[in-house]
Amino acid sequence: MDPGLPGSFFVPAGWRYRPPLAPGRSITFISRTMALIDLKNVTLALGGPPILDSADLRVEKGERICLLGRNGEGKSTLLRLLAGAMKPDSGEIIRQSGLRVGRLTQELPQDISGTIHEVVGGGFAAAGIPTPDWEHSHVVDQSITRAALDPTADFTTLSTGNKRRVLLARAMVIQPDILLLDEPTNHLDIDAIKRLEDDLRRFSGTLIFVTHDRAFLRNLAQRIVEMDRGRLRDWTCDYETFLRRREEALRVEQEQNAEFDRKLAEEEIWIRQGVRDRRTRNEGRVKELQRLRGERQDRREKVGSVRMSLQDSARSGKLVVRIRDLAYSWGDKLMVRDFSALIQRGDRIGILGPNGSGKTTLLRLLLGDLMPASGTVEPGSNLQVAYFDQQRDQLDESGTVLENVTDGNDRVHFNGRSVHAMTYLKNFLFTPDRVRAPISHLSGGERNRLLLARLFTRPANLLVLDEPTNDLDLETVELLEELVADFDGTLLLVSHDREFLDNVTTSTLVLEGQGRITETVGGYSDWARTSQSVKPESGKLKSHKRKGETGSSPVNQSEAKVRRLTWKEGKELEALPARIEELETRQAELHALMADPALYQEAGDRVARARDELEAVTGDLSLTYERWEELDGLES
């Protein structure tokens with residue numbers, strides 16, 4: 001109402017009006033902070049069933065939201081909507097004025113080139129943010145240093161993992177209010193993922209991310225939004241609680257659908273009764289039947305689960321591969337040196353190492369695809385190999401889904417039976433229209449499912465998987481994990497998925513640089529607990545840079561050696577981890593306080609004090625990290 005008119009009142013911004021319950025009662029205003037982004041009754045379809053069907057979503061400041069859903073549900077499309085890169089068919093998307101949005105897409109853009117400094121700095125222009133030259137250069141340098149990148153390196157020559165690290169720095173350089181990340185861990189090594197987790201925990205803005213990495217999800221998500229058949233299901237809880245609640249919700253839905261179908265069947269029987277009964281039937285009951293038919297027709301059934309299984313194979317010999325004094329170089333870079341090992345039937349070996357350390361190269365040496373510079377690789381007897389290559393080079397880009405699995409036939413042979421290819425591919429969630437589509441139209445997750453479908457048409461007793469979980473949805477990752485865990489042959493696995501490694505491997509080969517390979521018992525967590533190469537944590541603190549790491553920070557090495565830590569600086573450095581943990585704890589408390597509606601029902605100065613304290617704590621935390629990095633770079 002207009003505050004200038006008699007009897008009118010003004011509703012302040014960020015508050016909503018609650019009408020009095022009875023005449024003469026007082027009017028109440030309930031504080032409500034304005035959302036960064038508010039989706040209201042949004043509908044969007046891209047040629048099929050709606051990706052969003054009258055969906056609502058409210059995104060608040062400081063939230064960390066994980067967006068979950070099956071491959072093809074539209075997670076990447078929703079991120080595009082949130083970024084403003086596309087518009088819905090109907091409904092409203094309200095954004096705060098001046099909102100800064102940083103975004104990392106699932107697929108690498110093909111139109112970016114230049115040095116790392118130029119690419120990261122281009123984030124300002126891409127977001128339409130003008131900056132003075134001096135400020136631009138300082139912020140870009142700081143972002144590149146935090147990401148441990150070489151600013152002079154040519155972006156186009158980098159590995160896929162390092163390109164994604166650069167694009168992450170580009171997305172964050174503008175200090176966004178909201179950061180949208182689509183599968184940010186794809187192609188990153190484990191150290192890079194852990195550094196990313198640390199950076200995102202310190203990020204004071206709003207984070208919305210899509211991931212298949214369960215450890216990453218558990219470490220970061222405070223709220224889960226699930227895309228399911230055009231709806232957005234909001235679960236403000238951790239991942240374990242989400243799994244329990246979702247299972248219960250699906251059970252209730254199945255019971256309700258079964259009861260609905262039973263009632264509809266009864267009414268269909270009734271409408272088909274004899275002539276005498278039809279003359280006396282209740283027209284209201286007929287209309288209700290028509291309504292039930294319409295509701296049943298509109299119901300979207302949940303897509304079934306992937307059904308994967310490996311073909312039975314004859315056992316290999318006890319010896320699978322014997323490696324003696326293996327050495328290999330790529331140009332001037334030493335990838336493997338003096339490596340000897342014995343791989344026996346039933347071994348389940350995980351392979352770890354930073355990007356560019358040679359994990360895929362080691363697999364290709366063991367498979368005989370590459371010739372070593374010296375040493376020998378002796379394969380055992382009766383080996384049948386199924387190899388999942390990270391780059392998906394086995395897929396024919398010019399062919400259809402069907403052609404890539406059957407090599408032109410319409411049937412596949414599986415465990416002694418001839419199965420129609422359409423039936424087989426249905427187990428991997430390929431609908432008839434997708435089966436005949438060229439694979440250039442497939443998403444990353446669909447391509448990985450297709451490669452798995454092709455792989456499993458062949459018997460195997462040696463399973464070699466190079467980053468098999470990239471782009472898969474969480475449910476498919478867990479099904480693949482169960483399949484691999486039950487596999488009774490020999491396994492060689494390269495993966496950055498810490499939980500996947502822990503659940504399926506019994507020993508680990510670690511590529512530590514300069515060609516050195518060490519072997520440890522157990523999975524990733526066992527290696528991380530015992531390895532001296534993992535820096536001990538103090539509270540939540542982890543190092544952003546590791547000395548000697550490939551692609552390390554461009555900080556001048558001679559400058560770091562100008563002087564040693566003084567005794568006083570050493571004491572200060574020892575105290576900083578505890579101080580950082582204290583500030584992070586207080587920051588988390590203040591975020592929780594600011595998200596509590598009860599705060600805004602108190603005196604207005606309480607809200608202002610909390611906001612001011614949060615800004616001060618965030619500033620102190622940033623300065624403390626800078627000081628820690630400065631001291632940590634000196635010689636002790």
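Student: If a cavity is a set of grid points where a 1.4 Å probe fits but cannot get out, how many cavities of 30 Å³ or more does this structure hold?

Tutor: There are four cavities that reach 30 Å³ or more. Keep in mind that this is a predicted model.

Student: Good to know. What volume does the largest cavity have?

Tutor: About 200 Å³. Its lining is made of 23 residues, and the ones closest to the centre are Leu 68, Gly 69, Arg 70, Leu 474 and Glu 475.

Student: Which helices and strands supply at least two residues each to that lining?

Tutor: Two strands and two helices do: strand E5 (64-68), strand E10 (223-228), helix H7 (239-271) and helix H15 (474-486). Helix H7 gives the most, with four residues.

Student: And how does the lining of the largest cavity split by class?

Tutor: You'll find 11 charged residues there, along with nine nonpolar and three polar ones.

Student: Let me step back for a second. How many helices and strands does the chain have?

Tutor: The chain has 20 helices and 22 strands. It runs to 636 residues, and 47% of them count as buried. If you take contacts between residues at least 6 apart in sequence, 68% of those contacts join residues at least 24 apart.

Student: OK, on to helix packing. How do people describe two packed helices?

Tutor: By the angle between their axes and the distance between the axes. Here, helix H2 (residues 116-126) packs with helix H4 (residues 160-172) at an angle of about 35 degrees, and the axes are 8 Å apart.

Student: Is the crossing left-handed or right-handed where H2 passes H4?

Tutor: Right-handed. From H2, the contact uses Ile 116, Val 119, Val 120, Gly 122, Gly 123 and Ala 126, while H4 brings Val 166, Leu 167, Ala 169 and Arg 170. Sorted by class, the residues of this contact are seven nonpolar, two polar and one charged.

Student: Which residues of H2 are buried?

Tutor: Ile 116, Val 119, Val 120, Gly 121, Gly 122, Gly 123 and Phe 124. Just after H2 comes Gly 128, with a positive phi of about 70 degrees.

Student: What about helix H1, which residues are buried there?

Tutor: In H1 (residues 75-83), the buried residues are Lys 75, Thr 77, Leu 78, Leu 79, Leu 81 and Leu 82. H1 is followed by Gly 84, where phi is positive and near 85 degrees.

Student: Two glycines with positive phi, then. Which residues other than glycine have a positive phi?

Tutor: Two to look at are Glu 467, with phi near 55 degrees, and Gln 514, with phi near 55 degrees.

Student: Where is Glu 467, and is it buried or exposed?

Tutor: Glu 467 sits in the loop between strand E19 (462-466) and H15. Its relative accessible area is 7%, and buried means under 20%, so Glu 467 counts as buried.

Student: And Gln 514, buried or exposed?

Tutor: Exposed, because Gln 514 has a relative accessible area of 64% and the exposed class begins over 50%. Gln 514 is in the loop between strand E21 (507-511) and strand E22 (517-521).

Student: New topic: what does Arg 454 touch?

Tutor: Not counting residues up to four places away in sequence, Arg 454 touches Gln 394, Leu 395, Asn 404, Val 405 and Asp 407. Arg 454 belongs to helix H14 (residues 444-455) and is buried because its relative accessibility is 14%.

Student: Gln 394 is on that list. Which residues does Asp 389 contact?

Tutor: Gln 394 again, plus Leu 451 and Asp 466, leaving aside neighbours within four places in sequence. Asp 389 lies in the loop between strand E16 (385-388) and helix H11 (401-406). With a relative accessible area of 7%, Asp 389 is buried.

Student: Last one. Where is Asp 488?

Tutor: Look in the loop between H15 and strand E20 (490-494). Asp 488 counts as exposed because its relative accessibility is 70%. Between the C-alpha atoms of Asp 488 and Gly 346 there are 6.4 Å in space, although the two are 142 residues apart in sequence.

Note on methods
Residues are numbered from 1 along each chain as its sequence is written. This is a predicted model: local features need pLDDT of at least 70, side-chain atom pairs count only at pLDDT 80 or more; totals for chains, interfaces and linings use all residues. Side-chain values use heavy atoms; hydrogens and water are left out. Axes are lines fitted to C-alpha atoms, for helices over the stretch in contact, and angles run from 0 to 180 degrees between N-to-C directions. A crossing is left-handed if the near helix is turned anticlockwise from the far one by less than a right angle, and right-handed if clockwise. Contact means heavy atoms within 4.5 Å. Ala, Val, Leu, Ile, Met, Phe, Trp, Tyr, Cys and Pro count as nonpolar, Asp, Glu, Lys and Arg as charged, and the others, Gly among them, as polar. On a 1 Å grid over the protein atoms alone, a cavity is a set of points where a 1.4 Å probe fits but cannot get out, and a pocket is an open set with protein on both sides within 12 Å along at least five of seven lines; lining residues have an atom within 4 Å of a point. Grid points are joined across faces, edges and corners, and a volume is the space filled by probe spheres set on the points. Buried means under 20% relative accessible area, exposed over 50%, partly exposed in between (1.4 Å probe, protein chains only).
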